[in-house]
Amino acid sequence: IGVKLLKYRITPSQYNGKSYWEAGALAPVLVKGSYTFATLELDIFVQGESGAAVELKKSKLNALMATPTITLDEVDPNIEYLCSYDNQPTVDKINENASIVSYTFKAFKQGKQKSIELKKTTSPQTVNIEGTGETEVIYEITPDVSMAEFSIGDIRVLNLQAGKTLIVNGKKKTITQDGANKIKDTDFWHFPSLAPGNNQIKLSHTGVKVVLKYNPRFV
């Protein structure tokens, strides 16, 4: 739409850790917290041949800003900011034909999706997860032959059909096969996620192709 990014500001993810100090105790109790949104601010230069043209460009720009995915190429083209916009822009008018529009987003910082095909072994195998924060993962499970059950870690899936891919999606919180809901054929306590660094994963059978997909999370 013919606008230019002038400036950006990135504030790392906030941490909502908790602590308390009981009366008479010699040391405080520190409770592990979690990371929340980062903040991404953008200043965008809008110019047009007339005031009306500038207003039209600003309107088109606003229409893109509800929940955009933003990549800052000069920072890292492999990093995505999943953004949520819940305020209104600030406009600094330069003259009739130009303005600077500023946006502030709550942002979730992640890398492009990675894909790892696990080894067909029942021995524990090490999978390295990139990033600095725990991330939800997707398992695509395709058995060579039909089997009554199969386990990956603490997730047990039932009634697998040869050549049919069952998708355990920790991001969308769904379990599907050919688009159909298959949650009744699973037994688990929580959808899969993995911490950054090395993780040990164990398969219960060798005759199953498992592809692990994830987006590295950065705090």
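This report covers the nonpolar cores, pockets and aromatic pairs of a predicted model.

**Nonpolar cores**

The largest nonpolar core is made up of 23 residues. Within this core, the residues with the most contacts are Tyr139, Ile141, Phe150, Ile152, Ile201, Val210 and Leu212. Six strands are listed as giving two or more residues to the core: strand 10 (125-129), strand 11 (135-143), strand 12 (147-152), strand 13 (155-160), strand 14 (166-169) and strand 20 (208-214). Strand 20 supplies the largest share, four residues.

Leu212 shows how this part of the model is put together. Setting aside neighbours within four places in sequence, Leu212 is in contact with Lys114, Ser115 and Ile116, with Val127 and Ile129, with Val137, Ile138 and Tyr139, and with Leu194 and Ile201. Two of these partners, Tyr139 and Ile201, are also listed among the core residues with the most contacts.

A second core, separate from the largest, has 17 residues. Among them are Leu61, Cys83, Phe105 and Ala107. In soluble globular proteins, nonpolar side chains tend to be buried together.

**Pockets**

The two largest pockets are set side by side below.

| Pocket | Volume | Lining residues by class |
|---|---|---|
| Largest | about 220 Å³ | three nonpolar, three polar, three charged |
| Second largest | about 150 Å³ | 10 nonpolar, no polar, no charged |

The lining of the largest pocket draws on separate parts of the sequence: Tyr15, then Lys32, Gly33, Ser34 and Tyr35, then Gly133 and Glu134, and finally Arg217 and Val219.

Around the second largest pocket the lining consists of Val3, Leu5, Leu42, Ile44, Leu61, Leu64, Met65, Pro68, Ile70 and Leu72. Strand 1 (3-11) and strand 4 (38-47) are the elements that give two or more residues to this lining. Leu61 appears both in this lining and in the second core.

**Aromatic pairs**

Across the whole structure, five aromatic pairs are found. One ring pair is formed by Phe188 and Phe191, whose ring centres lie 5.0 Å apart. The planes of Phe188 and Phe191 stand at 70°, so the pair is classed as edge-to-face, the cut-off for that class being over 60 degrees. Phe191 has 18% relative accessibility and therefore counts as buried, since the limit is under 20%.

Elsewhere, ring pairs join Tyr85, Tyr103 and Phe105 into a cluster. Phe105 thus belongs to this cluster and also to the second core.

Technical notes. Residues are numbered from 1 along each chain as its sequence is written. This is a predicted model: local features need pLDDT of at least 70, side-chain atom pairs count only at pLDDT 80 or more; totals for chains, interfaces and linings use all residues. Side-chain values use heavy atoms; hydrogens and water are left out. A nonpolar core is a set of buried Ala, Val, Leu, Ile, Met, Phe, Trp, Tyr and Cys residues joined through side-chain atoms within 4.5 Å. Buried means under 20% relative accessible area, exposed over 50%, partly exposed in between (1.4 Å probe, protein chains only). Contact means heavy atoms within 4.5 Å. On a 1 Å grid over the protein atoms alone, a cavity is a set of points where a 1.4 Å probe fits but cannot get out, and a pocket is an open set with protein on both sides within 12 Å along at least five of seven lines; lining residues have an atom within 4 Å of a point. Grid points are joined across faces, edges and corners, and a volume is the space filled by probe spheres set on the points. Ala, Val, Leu, Ile, Met, Phe, Trp, Tyr, Cys and Pro count as nonpolar, Asp, Glu, Lys and Arg as charged, and the others, Gly among them, as polar. Rings of Phe, Tyr and Trp (its six-membered ring) pair if their centres lie within 6.5 Å; planes under 30 degrees apart count as stacked, over 60 as edge-to-face and the rest as tilted.
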